[in-house]
Amino acid sequence: MRRIDTDVVVIGGGATGAGVVRDVAMRGFRAVLVDRADLAQGTTGRYHGLLHSGGRYVVSDPRSATECAEENEIVTRIHADAVETTGGFFVSTPGDDPEFPDRFFAGAVAAKVPVEEVPVGMALKAEPRVNPGITRAFAVRDGSVDGWQMVWGAANSAKAYGAQILTYHEVTKIEHENETVRAVIATDRKTGEQVQIECTFVMNCAGAWAGHIAEMAGCHDVQVVPGRGIMIAMNHRLVNSVINRCVYPTDGDILVPVHTVSIIGTTDVKAEDPDNLNIPAAEVQQMLDSGEALVPGFRQSRALHAWAGARPLVKDTRVGAADTRHMSRGMSILDHSERDGVKGLLTISGGKLTTYRLMA
Ligand SMILES: Cc1cc2nc3c(=O)[nH]c(=O)nc-3n(C[C@H](O)[C@H](O)[C@H](O)COP(=O)(O)OP(=O)(O)OC[C@H]3O[C@@H](n4cnc5c(N)ncnc54)[C@H](O)[C@@H]3O)c2cc1C
């Protein structure tokens with residue numbers, strides 16, 4: 001068995017783990033990040049590509065909206081190579097609730113999310129493919145972000161501060177002694193070799209798998225609910241800015257230009273197993289219809305690829321157990337010494353890719 005000695009082990013190489021390992025290394029601790037696959041192969045590599053302005057949550061989740069607005073500025077600055085500052089619009093399409101735009105604007109002001117109402121003609125001039133029947137338009141600071149570029153940027157920065165990044169290492173066990181964490185055992189999936197990483201602290205950043213990791217340390221009932229969402233990439237850049245429907249968050253309400261394609265999404269359904277996410281044909285049709293409402297003729301472009309990801313949503317007692325659409329997008333930190341009597345273990349979950357730095 002190979003042995004490594006460190007201060008902190010970070011489990012999970014998505015946005016959250018990459019942000020945490022960078023932060024830990026910058027504070028001068030020895031740190032090792034382990035992921036069972038490559039970096040960003042969990043939800044971080046299967047998401048919508050939107051660097052949120054916060055607009056999407058101003059009515060449903062104002063706290064997350066403010067966090068997104070603040071982090072949007074910071075992420076744009078520190079990951080300039082991963083972010084495209086596309087800007088975005090919230091538009092009311094025919095048949096949408098005519099009262100929502102006023103609630104949206106008031107919510108944005110209250111949550112300090114920069115929003116400006118613009119003449120419909122101006123929005124259509126900027127985005128000529130958008131539905132000409134829109135009745136109101138608001139400009140926001142949405143962007144698009146390449147999740148892989150962002151995560152590798154954070155991981156490389158952590159490496160520059162001395163951290164080790166172990167990809168294709170699957171954590172199988174967390175050992176503790178006298179109720180204090182002392183080692184993480186992982187299997188190198190390329191060689192089959194066991195690795196024992198002696199440490200004094202473990203950060204569980206395993207996203208939708210965080211409950212499973214906590215269980216390995218004897219901490220039960222960590223309720224991270226996988227909220228499955230599908231997205232479809234169309235073969236054109238149909239729009240150059242992010243187009244959001246100005247409605248209460250719902251399925252298929254955002255179209256994001258990412259590199260040379262446009263991505264329509266998404267749905268939100270509780271999944272049983274984040275490793276087994278299906279893509280129902282009905283949801284694909286639903287996304288294509290939603291695209292059509294935003295950009296008439298949407299279905300005439302070619303759908304390149306459909307995929308699904310699992311939101312790591314912390315169970316929210318305000319809504320039903322299966323209602324992942326309305327669970328908070330806020331972040332959560334569990335200190336297992338208080339909760340379970342296991343010292344040296346934190347679980348960090350929830351949040352958005354946009355707020356990954358704040359979570360760390
Ligand atoms: C459909 C959808 C669309 C989204 N769109 C957006 C968006 O547009 N903008 C936005 O800001 N956010 C978006 N999000 C949210 C965002 O993608 C997630 O909040 C974020 O990616 C979660 O990152 P994470 O690091 O916590 O989890 P993950 O990226 O899932 O990372 C967890 C890691 O843990 C690893 N792991 C699991 N088990 C083990 C083990 N035993 N050993 C070692 N490693 C292990 C996994 O391989 C994985 O890499 C979206 C989410 C979904 C599902």
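**View A. Strand E15 (224–234) gives the most to the lining of the second largest pocket, with 3 residues.** This is a predicted model, so local features need pLDDT of at least 70 and side-chain atom pairs pLDDT 80 or more, while totals for chains, interfaces and linings use all residues. Residues are numbered from 1 along each chain as its sequence is written, and side-chain values use heavy atoms, with hydrogens and water left out. The second largest pocket holds about 260 Å³ of space. Its lining has 17 residues, and the closest to the pocket centre are Ala208, Val224, Val225, Pro226 and Glu272. Two elements give two or more residues each to this lining: helix H6 (210–216) and strand E15. (Helices, H or I of at least four residues, and strands, E of at least two, are DSSP runs numbered from the N terminus.) A pocket here is an open set of points on a 1 Å grid over the protein atoms alone, where a 1.4 Å probe fits, with protein on both sides within 12 Å along at least five of seven lines; lining residues have an atom within 4 Å of a point.

**View B. The second largest pocket, seen by class and by domain.** Sort its lining by class and you get 9 nonpolar, 3 polar and 5 charged residues. (Nonpolar is Ala, Val, Leu, Ile, Met, Phe, Trp, Tyr, Cys and Pro; charged is Asp, Glu, Lys and Arg; the others, Gly among them, are polar.) The pocket lies between domain 1 (1–49 + 146–223 + 329–360) and domain 2 (55–141 + 225–314), because both give residues to its lining. Those bounds come from an automatic or database domain assignment.

**View C. Polar contacts (N or O pairs within 3.5 Å) link the ligand to Val171, Gly351 and Thr354.** For Val171, a polar backbone atom sits 2.9 Å from a ligand nitrogen. A polar backbone atom of Gly351 is 3.4 Å from an oxygen of the ligand. Thr354 uses its side chain instead of its backbone here: an N or O atom there is 2.7 Å from a ligand oxygen. On its own the ligand has 1000 Å² of accessible area (Shrake-Rupley, 1.4 Å probe), and the protein covers 98% of that.

**View D. The shell around the ligand takes in 35 residues.** Thr16, Asp35, Thr44, Leu50 and Thr354 are the closest of them. (A residue belongs if one of its heavy atoms lies within 4 Å.) Strand E20 (303–314) gives the largest share of the shell, 4 residues. By class, the shell has 13 nonpolar, 17 polar and 5 charged residues. Domain 1 and domain 2 each supply at least three residues.

**View E. A search of the whole structure turns up 1 cavity of 30 Å³ or more.** The space inside is about 30 Å³, counted as what is filled by probe spheres set on grid points joined across faces, edges and corners. Unlike a pocket, a cavity is a set of points from which the probe cannot get out. Gly55, Arg56, Val58, Val59 and Ser60 line it, together with Phe100, Phe104, Val247, Tyr248 and Pro249. That lining splits into 7 nonpolar, 2 polar and 1 charged.

**View F. Three loops with backbone angles to look at: those holding Thr266, Glu179 and His259.** Most residues other than glycine have a negative phi, and most peptide bonds are trans. Gly265 and Thr266 are joined by a cis peptide bond, with omega about 0°. Thr266 sits in the loop between strand E18 (261–265) and strand E19 (269–270). Glu179, not a glycine, has a positive phi of about 60°, and its loop runs between strand E11 (169–177) and strand E12 (180–188). His259 also has a positive phi, near 50°; look for His259 in the loop between strand E17 (254–258) and E18.

Methods
A polar contact is a pair of N or O atoms within 3.5 Å; within protein, one must be able to donate a hydrogen and the other to accept it, and residues adjacent in sequence count only if both atoms are side-chain atoms.
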